[in-house]
Structure formats: C-alpha cells, structure tokens
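Visitor: I would like a close look at a single part of this protein. Please pick one strand and take me through its surroundings.

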Amino acid sequence: MTLSKNVEKKIGKKVKRCQLLIEKDAGTQFSDEPTECIVICNAGLSTGLQQEALLKEALTHGPVSWVLLPPGKSYSFLQCASKQSAEAIYTALHGICTLGQDGAVLLLAFCLELPLQAHDPWGCDLPPGLLLEHHFIDAEMEKALLDAAAGVGQLDETGTEPIATLRHRKVTHFGYEFVYGTNNVDKTKPLERKIPAVCETLWRRLRRLHPQLSWHVPDQLTVNQYEPGQGIPPHVDTHSAFDDPILSLSCAADVVMEFKQPSTGRQICVDLPARSLLIMSGESRYDWTHGITPRKLDTIRAPNGGLTVRKRQLRVSFTFRKLRQDSRCVCPFPRLCDTAQQCVEQVPALLECHAAQVEAENVHRVYNEIAKHFSDTRHSPWPRVEAFVRSLPPGAVLLDIGCGNGKYLASNGAALMFGGDRSDGLLQVCVERGFNVLQCDCLAVPFRDESVDACISIAVIHHLATERRREKAIAEMLRVLRPGGRALIYVWAKNQEANAKKSSYLRQNKHNNKPSPEDAPAHDDTARKVVQVERMVAAGVTDCTLPVHTNRTQFQHQDLLVPWKLRANDSTEKSTFLRYYHVFEEHELEKLCLASGQLVLVESYYDQGNWCAVLEKKGK
C-alpha cells in the first residue's frame, strides 16, 4: 500500500512531535537513515499494544531479535535482525498497520539503539531453585495421567473464583481443595478423592533425578485445563500452607510462564514444553511469583536466536503440593511470606504498647554504652548537612536536636549553635570540645516557643518506635522554630539502592562492590545471596520480637534491630548491642512532616542512604 503525499506529510508532522517527546523522555537518538532499531512512536503498553500482536505483524516482513515495551509508556521498540529486515518492516507497517489506540495507524521511526535499561526476560538464568526437567514423562504416561484425571468425571467449572481470568477454567482437586484467592487449603476438609496411584511412578523418577531435594510425597493435587486465551495471575503459593518443593507437570501443550521477583523487579520467562516437570524450590518457591498471562499467542525464542510467536493450544497442568504440618513458615524470604507478614502486622500494635521501653533499652541505653566508639566513627560531617548549617546568616540561632558528638556544632562560627542529646557519654564528648549542649529528649525540647532560626535532626527520628512519637518529635521542632525558620531532617532509608546506586552503608560490605546481577557473570550468585532473618525480644518484653538486621545488607523490614559490635578493653570477643530503628519508605518522611499543615516542604532528596527534607515554618 502506497501513501499519498498529503497523508505522508501529515504523518511526518505527527512523527516529529512524537520524536521530540520520546527523545526527552527516554533519551532516544533518532536517525533519518534506516537502522536495525525501530521506534513505534504512538503505541505501547499504555495504549494497549500487545507484544504478540506486534510480533505477528512484524515477523511476516522480517526477523525480529527483541521487542521492548517500557512500562506505562505510549511508545515501544523493535530490534530487527538486520537493517534490511528493519526497512521491510518499516515500509509495511508505517502509517498502515492499525495496532494503535482505537485502531489508529502505527507511526514508526528509526533510532540508533534501544534504551540501555532494556531487560531481556529470555536472556537470564532461571531463578535460584527453579529446575525444569524436559521429557519428564513419555506419551504413554501423559495419556495415563490425563485418563486418571478425566476418570473422576468432567472437570469442575470454577465459577466461584474471584478473579475474572480464572472463571470458567476447568479444574479438579485431589486430597484437598486448593482455594483460589487465598492460595491455600482447608486442612480440616480432606477430600475423598485422593491423588491417583499412577502418580507413584513420578515420585520414584524424581528421587533418582534430584536426591538433594528435601522430598515428601505430595498429598494435594490440582488439575487445571487451560483453553487458549486463559491464564492465571502472578501469585505465590501460601508459604505456611505448603512444603518445599512445589511441582508443575505440563501435559498436552506448551506454554510460557512468567516469574517475577518483587524485591528486585526482575522478570524471567520460562517456556514449559508439554511433558516437562517444573520444580519450584528454595528462592524460586518463596521469593518469586509465577503466573501465565491470558493470551492466545506466546512470544518465544526462535531457533535462530530472535523472537517468534506460537499459538497456544489446550493445555492441562498437574500441580502437586505437600501440606506443611506446623502451619508456620521459617523461610528467609519475608516479602512474600504470610508468616513473616503476620509478624510485621503485629509490630506496630506491640510497639504502641511498649514504645518507651523499647527506646529506653534499645536506643538510650545502647548509645550510652557505645558512646566513645560511636563518636570515633562519626567524625566527618555530611556535605549537604554542613552546607545547610553554613547557609545560616550571622547571629542566627541553630538547635541540633540529637546532636551526638556535636560534629555539626562547629560548622558555622557566625551563628549561635546549641545541641541537645539524651546520651551522657556523647554529651561529655561535646563538653570536652567546648560546645553549648544540654541533655534533653527530642519529644520535650527545653526551649521557648519560636526561639530558634533553624533546627537540624540528623539520624534521630528513625529511633522513635511509633508514628505518633515521630510526629511529636517534628511538632517539637515546629514549636521552637520562628516563623520562616527552617529545619533539616535526615532519616535512614529502607531502600539503600536508590537511583540504582548502592549507599555508602552497603558499599562497606566488600561483597556489595561486585557487579550487579545485570552485569555479573551468569555463574556469580554473590548478589543473590540469601540473608537469614533472626528475631529477638526487644526491651525485654517477651511478646515484642523484632527482626535483627544483617549489617551492610539491604533492609527487609521497617521496624528492626540493628547490631553494633563493640570489643571491650583487652578482650578478643565483641559484645553486640541492638539498636531499634524504623527505616523509612520513600515519601514517608514528607507525609509525616506535612501532616501538621504548618510546614512547607522546600526540598526533599536522597543522600547517604537517607531520606531528607528541608522544611520551612509558615508565617503567622
């Protein structure tokens, strides 16, 4: 089809407008000459474009190596196998193919390269603990299993499931009913229908292939029949309900299953051939979700290394599980663990009851014990904090609440500087250095209302055990500030890798200075090292247990105990002191500060592994 000159002119203007937006948004460098890279300027995930539909159109005109649909964007990219194939696809689709929003024609352009953040879900190793056994059963065994499942009667219609994509899929259960929505079972209601005896052959074969698995014979089986276009949402089988591993046997047809790790955002596509067995154990079982996108075409790797599409056919899956006896999971993967989440959910209520005790025991007492060692490690001011203090005009009054060893009290000789802290040991360091300090609690500052021009609170508020107490600390800063006065607050961030850069805290662990998983060799598992989570009683209150953080690693919880190791005089052994912290999520500090309505947020930023806020008190 040939476009008229008038249509070409109109389309050209639209493409130019799109190019300006995409260049600004993604940094894409466009080319007037044909290249191997094509930008679909007006269609992407946000417009409803589907990768399979795009590939189906493109592959009829030339091979494609890679498709990139950036999340939430109205544009996408094709990496073609050659410049010739890119030209053929461009000629066939540009201004002609109607895959745009509401049937609009696609607008194409050439670019020099795809964005650097492009991630190939096919170019990764399998998640740790995920094993795929091709040809696990033969055609005869496949028929025997399908006959055994069909022998109990027509598969039940799942009409009660709450997720629309699961409705009308045919399913039957053996041993116990797997309850969709909760991904659990009711142990008090075993079914008369037991796992077919023909499955015994599977266990013997599996033991021979993988003797290292902590193996138990399954007592629950779910058989699902998937028509083309049906799928199952990303999920993890409830940790506390089922043992490790979980098995999925594919019969009758192939399908692509997606694995996603919420903690890292990584996504891996796994092609499951008919008669293959997927074994989900360890990290892949506990820390990754798995699901099947509802569609009639799957994108798969082509034999030549590019991409192609494959039509789905009727598939039957056999999922085998073993019920956990104690109904409590002890895995080291808390993000998706229901047992860990229950503990986390109980923490705020427990801290509400015992906040003062926790702070007295796991903050104030600890800092008194470690004062000298702590001060010796806190000698260099952070540049942005020092810049804030130095910006104060001559004669201004500054109050450093939680001043520690007073390292900021010498940053501005023209201002009047005061510091306050709870720790006797740290205040003694300040006195020896000649600073103006007093002992006080950040919840009750002994200064008159509107008596200071500026306040700083550096690494203090995260030691308060409840949101109400954190709000009170900010309210005290607000009270002593004069109208127009400014405050600077730093709190420890839960995310120690903001902006894709490891914080100085993480970099002190030499293992964290190795290449990231995207750059590391396939065999290097350093970045995926599992951190075991220990829980300890806080403040001697037996019902208030908090996770103990492993130093120099990414935080897994918000309320936790962080160890400080101190060697006593002439001793080879170190004592461990546990400090309470509430590490902050992004934007949590801003919301806390603005709750009163009397502060204006001047600036917020991330610095040294902390979330930071510069605030100004509103005038009267």
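Visitor: Are the residues on the two faces of strand S17 (residues 289-292) buried or exposed?

Guide: This is a predicted model, so keep that in mind throughout. Both faces of S17 are covered. Thr289 and Gly291 sit on one side, and they are buried. His290 and Ile292 sit on the other side, and they are buried too. This split fits a general rule: in a regular strand the side chains alternate between the two faces of the sheet.

Now look at the partners of S17. Strands of a sheet pair through backbone hydrogen bonds, either parallel or antiparallel. Strand S12 (residues 232-235) pairs with S17 in the antiparallel sense, over two bridges. Here His235 stands opposite His290. Strand S14 (residues 255-261) also runs antiparallel to S17, and three bridges join them. Lys260 has Thr289 of S17 as its bridge partner.

For a contrast, turn to another sheet. Seven strands form an open sheet with mixed pairing, in the order S23-S22-S21-S24-S25-S31-S30. S23 (437-439) and S30 (599-607) stand at the edges. Each has a single partner strand, so one side of each is left without a neighbour in the sheet. From one strand to the next, the twist averages 15°.

Within this sheet, S21 (residues 397-401) and S24 (residues 452-458) run parallel, joined by three bridges. Leu398 has Ala454 in S24 as its bridge partner. Helix H10 (residues 467-480) packs on the sheet and touches S21, S24, S25, S30 and S31. The direction of H10 makes about 150° with that of S25.

How values were computed: Residues numbered from 1 in each chain as written. Predicted model: local features only at pLDDT ≥ 70, side-chain atom pairs only at ≥ 80, totals over all residues. Heavy atoms only, no water. Buried < 20%, exposed > 50% of the residue type's maximum accessible area, 1.4 Å probe, protein only. Helix = DSSP H or I, 4+ residues; strand = E, 2+ residues; numbered from the N terminus. Pairing = 2+ DSSP bridges. Axes fitted to C-alpha atoms, helices over the stretch in contact; angles between N-to-C directions. Contact = heavy atoms within 4.5 Å.
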